[in-house]
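Here are a few short exercises to work through with the model open in your viewer. Try each task before you read its solution.

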Amino acid sequence: MNFLDRLGKWVLNAVAEAGDFAILCWTALRSIFKRPFDIRNLFKQLERIGVDSMPVVLLTALFTGMVIALQTYSGFKRFQAQSMVGALVGVSLTRELAPVLAGLMVSGRIASAIAAEIGTMRVTEQVDALEVMGVDPVQYLFVPRILSGTIMMPLLVGIADVIGIYGGFFLLVNVFGENPDMYLNKVYQYTDVHDVTSGLIKAAVFGFIIAMVGCFKGLRTEGGAEGVGNATTSAVVMASLLILVLDFFLSKLMF
Amino acid sequence: MIELKNIHKSFGSKHVLNGINLHIVKGESFIILGGSGTGKSVMLKHIIGLMKPDKGRVFIDGKDVTDYTREQWFDIRRRFGMSFQEAALFDFMNVFENVAFPIRRHTRSTEMEIKKRVGYCLDIVGLSGNELLMPAELSGGMRRRAGFARSIALNPEVLLFDEPTTGLDPVMTDQIDNVINDLRRGLDVTCVTITHDMVSAFDIADRMVMLHEGEIVFTGTPDDVMKSRLPIIRSFLKGRICEEKTQ
Ligand SMILES: Nc1ncnc2c1ncn2[C@@H]1O[C@H](COP(=O)(O)OP(=O)(O)OP(=O)(O)O)[C@@H](O)[C@H]1O
Ligand SMILES: [Mg+2]
């Protein structure tokens, strides 16, 4: 009974939280169109999210591209199909791996940072101070961050696609001595525009989710420094889970 | 002007406010006294809608604002200024930008006008020359004064101060009290101030209330306070009496 009680409570909490999150997303989306629009703040966040995430995303993409090439090369070679490695790297990276892995990495980097920042503002009453001054915290704090997330993630993933593909290229050509033209030809031949755009759309959605979850968890922070710590970790967990779940549904939708 | 009717508020099983009734008149300086943790800050936050009562109603200018939405509150709050107990300065802006923030958001002032206004506000709280420091580089008392300066930047009609002078030296305390008195004399400003400092309370008060265990146990003018026989008031007054003897 005790176990069921706890389980029931957990489920209720989760559902309530999902509801709050959905409402806040809606409020934030509407706030994007409210005046005054804070362009300076937007650029600050764009720079921060872009610059902070660039190194992790690029390293992730590079090594992911190389490891797919490595694994598929050893497999495909068994039936003389090593020329198809380029096709596989191109499709799997652009459709799936670049957006998802970049999303997970950026969650760790940015969702946590946003949650910590807004959480600190919450517990030190800076959010209350905004409200008292008649400034909507959702508009002032959320909008620049979610816009930056939504704009920056596709850019990052676009670069990650290229870096990942060239990671595979580097491995095949320089380590296994394969023909350089063959690899790139297969990449071009088999990777559709749709593969790339669907990956970039995913990236935009993930970018929105990452920033939104960070803001959401930050705004709900209670209980001093410890609360900020909890908000930070739970923001990363929630953002990562949402990314994996949404990835499935988006893939299904854009199949 | 501001009316609280039978306000109740609990956090979990902890009852903080147990039926608060008060009426603050336009233009008066209203002081809230009370021991630490009796719910003074919580009460102040009910006045400006940062907290909602579990039971009871809040009226501003005769209108019931208890169930106002956030958007509706934003309009009311333009007329209010509030300084927080821990200052609540924006830690990503320097002192100048903090004080300029409400002006930039709500007026179309030129950079010159902003500079002048911010300079004036910082000057009267004794912070001239610290414009470019970040909040993290300020002492507790400096932070509090910067928060005070920010709350008066827009010349609001109603000012809520949560312990504006706690932790300041006597000279600085006196200066802040003078600022509050000047504000009220010049414009028709309503002030609600929380303080522990009986000297400043007597300096600025038209009326005082004493909060104890979630209830208002005393309301009256400074004269009434002096005459009161309530033990809790007497013990608060002891601090002041000691100081008068030493003068
Ligand atoms: N957000 C909150 N969540 C839970 N409890 C709270 C919250 N805010 C205040 N309290 C509780 O309400 C009580 C009153 O707090 P409040 O801050 O109003 O005290 P205070 O009278 O301002 O004291 P002080 O003079 O020390 O500032 C405290 O016991 C505190 O634990
Ligand atoms: Mg307090």
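**Exercise 1.** Work out which residues are closest to ligand 1 and how the shell around it is made up.

*Solution.* Keep in mind that this is a predicted model. Start with the count: 14 residues surround ligand 1, and the closest are K14(B), S36(B), K40(B), S41(B) and Q85(B). Next, sort the shell by class, which gives three nonpolar, eight polar and three charged residues. Then see where they come from: α1(B) gives the largest share, three residues.

**Exercise 2.** Find polar partners for the oxygen atoms of ligand 1, then see how much of the ligand gets covered.

*Solution.* Go for the side chains to begin with. An N or O atom in the side chain of K14(B) sits 2.6 Å from a ligand oxygen, and a polar side-chain atom of Q85(B) is also 2.6 Å from an oxygen of ligand 1. On the backbone side, a polar atom of V42(B) is 2.9 Å from a ligand oxygen. Now for the area: on its own, ligand 1 exposes 630 Å², and the protein buries 65% of that.

**Exercise 3.** Identify the protein donors of the magnesium ion (ligand 2) and place them in the chain.

*Solution.* The donors are OG of S41(B) and OE1 of Q85(B), at 1.9 to 2.1 Å. The two are 44 residues apart: S41(B) belongs to helix α1, while Q85(B) is in the loop between β6 and α3 of chain B. To finish, check exposure: Q85(B) has a relative accessible area of 24%, so it counts as partly exposed.

Definitions and conventions
Residues are numbered from 1 along each chain as its sequence is written. Chains are lettered from A and ligands numbered from 1 in the order in which they are written. This is a predicted model: local features need pLDDT of at least 70, side-chain atom pairs count only at pLDDT 80 or more; totals for chains, interfaces and linings use all residues. Side-chain values use heavy atoms; hydrogens and water are left out. Donors are N, O and S atoms within 2.8 Å of the metal (3.2 Å for Na, K and Ca); water is not among the atoms, so sites may look incomplete. Helices (H or I, at least four residues) and strands (E, at least two) are DSSP runs, numbered from the N terminus. Buried means under 20% relative accessible area, exposed over 50%, partly exposed in between (1.4 Å probe, protein chains only). A residue is near a molecule or strand if one of its heavy atoms lies within 4 Å of it. A polar contact is a pair of N or O atoms within 3.5 Å; within protein, one must be able to donate a hydrogen and the other to accept it, and residues adjacent in sequence count only if both atoms are side-chain atoms. Accessible areas come from the Shrake-Rupley method with a 1.4 Å probe; for residues, only the protein chains shown count as cover. Ala, Val, Leu, Ile, Met, Phe, Trp, Tyr, Cys and Pro count as nonpolar, Asp, Glu, Lys and Arg as charged, and the others, Gly among them, as polar.
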